[in-house]
Amino acid sequence: MDPKIWGNLPEELQERILSRLPLKAILSFRCTCRRFNNLLSSPSFLSLLPQPLNQPHLLLLSHPNFPSHLLHSYDSSSHRWRSLSFPASHLTTSSLGLLCFQPSPTTLTVLNFLTRSSKSINSPNCPSSLTLIPSPSRYKILSTSPDGAASLYDSRSANWTTFAAYSGRVRISTAHSGAFFRGAVYFVTTPEPFGVVGFDVDRGRWEPATAAGLPEEEGLVFVRLVGDGVGRRLMMVGGVGRDGISRSVRVWEMEEGSWREMGRLPEMMVRKFGSVCYHNYGHVYGFWHEGGVCVGCYTWPEVLMFRPARGTWHWLPRCPVLPDKWSCGFRWFSLAPDPTTLV
């Protein structure tokens, strides 16, 4: 188009024309001028982009021996691995299109991977658990400590709010991120018998999860909660057995105030799962990815995936660049690239 004609078009019309271009082309315009660079942080322009954007969901693998700003990603749609560079180090948690890094004990960096927009945030304490709660126009970060103290960051106000610590008799397990579901972030309580408590994000207080207790199952050896990131689904992964040994791994989903079993890990896969984590279930964690529940272990480079819609289990392939001698520190994250999630 003639530059003179383009320059005389109203900005609103220019944005509508640009929104029809492939996303890859739009992203390449960022380096041409400041206006195009700021375009992807403009709510008015982001609202014009077609939905869905059909960006492949990625699994990110981190390890202490990787270069500090490098992660390896796996695209399950194309079955391809590739290395990705990031502007921050020490990925801590992720949700949908946002990644949260913790380069120092009291510093966080929130990054939109697709737009490469980021923000550095000073934390009021040294959190033991971080839960990222994104939405199209804002995001929140729940920071918790072992004593149940909670602080909530709101990107809209760019401020932290500190709340009273959990006062229950049991201890909240903050070794893993919480699971966001219907306005609350849920955590497992220890010691056994396990329980569930939730932090109400809007009210800013801890509440016993009477409607989201545990399945009526004897012999729960370990429990992990997994949310879908948008608060619509809450899943639970648990090991069932006795004497601290899991003989079965099951997945439940919260439906109308009670847990419904969705699937059980086949016996042969249970044996492999037990051998790779050495029955040390503190190394086990779970997360949501592309409509399924993933179960990982810090001591094993592969990740186990359960698809509720199909009722199937499978191991995702091992990263081809990992040396065989690496035996601990593997951590997987899910990334659903989305330019409309503002930082």
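Let's start with Glu-207, which counts as partly exposed at 25% relative accessibility. Keep in mind that this is a predicted model. Partly exposed here covers the range between under 20%, which would be buried, and over 50%, which would be exposed, so 25% puts Glu-207 in the middle class.

Who does Glu-207 pair with? Its partner is Arg-203, and the two make a salt bridge whose closest N and O atoms are 3.6 Å apart. The cut-off for such a contact is within 4 Å, so the pair at 3.6 Å qualifies. Arg-203 itself is exposed, with a relative accessible area of 56%. That makes this a bridge between an exposed arginine and a partly exposed glutamate.

Why would such residues pair up at all? Side chains of opposite charge can pair when their charged atoms come close.

Next stop, Glu-261. It forms a salt bridge with Arg-264, and here the closest N and O atoms are 2.5 Å apart. Glu-261 counts as partly exposed at 31% relative accessibility, and Arg-264 falls in the partly exposed class too, at 47%. Back at Arg-203, there is a bit of a network to look at: salt bridges with shared partners tie Arg-203, Arg-205 and Glu-207 together.

One further pair is worth a click. The side chains of Glu-255 and Arg-260 meet in a salt bridge, 2.9 Å from N to O. Glu-255 is partly exposed with 29% relative accessibility, while Arg-260 is partly exposed with a relative accessible area of 41%. Counting by the 4 Å rule, the structure has nine salt bridges, including the ones we've just walked through.

Now let's leave the charges and turn to the strands. In what order do E8, E9, E10 and E11 line up in their sheet? They run E8-E9-E10-E11, forming an open sheet with antiparallel pairing. The edges belong to strand E8 (129-134) and strand E11 (159-163); each has a single partner strand, so one side of each is left without a neighbour in the sheet. Going from one strand to the next, the twist averages 20 degrees.

Zoom in on the E8 edge. Its partner is strand E9, residues 139-144, and the two run antiparallel, joined by six bridges. If you want a spot to check the register by eye, pick Leu-130: this residue stands opposite Ser-143 in E9.

Terms used. Residues are numbered from 1 along each chain as its sequence is written. This is a predicted model: local features need pLDDT of at least 70, side-chain atom pairs count only at pLDDT 80 or more; totals for chains, interfaces and linings use all residues. Side-chain values use heavy atoms; hydrogens and water are left out. Two strands pair if DSSP finds at least two bridges between them. Helices (H or I, at least four residues) and strands (E, at least two) are DSSP runs, numbered from the N terminus. Axes are lines fitted to C-alpha atoms, for helices over the stretch in contact, and angles run from 0 to 180 degrees between N-to-C directions. Buried means under 20% relative accessible area, exposed over 50%, partly exposed in between (1.4 Å probe, protein chains only).
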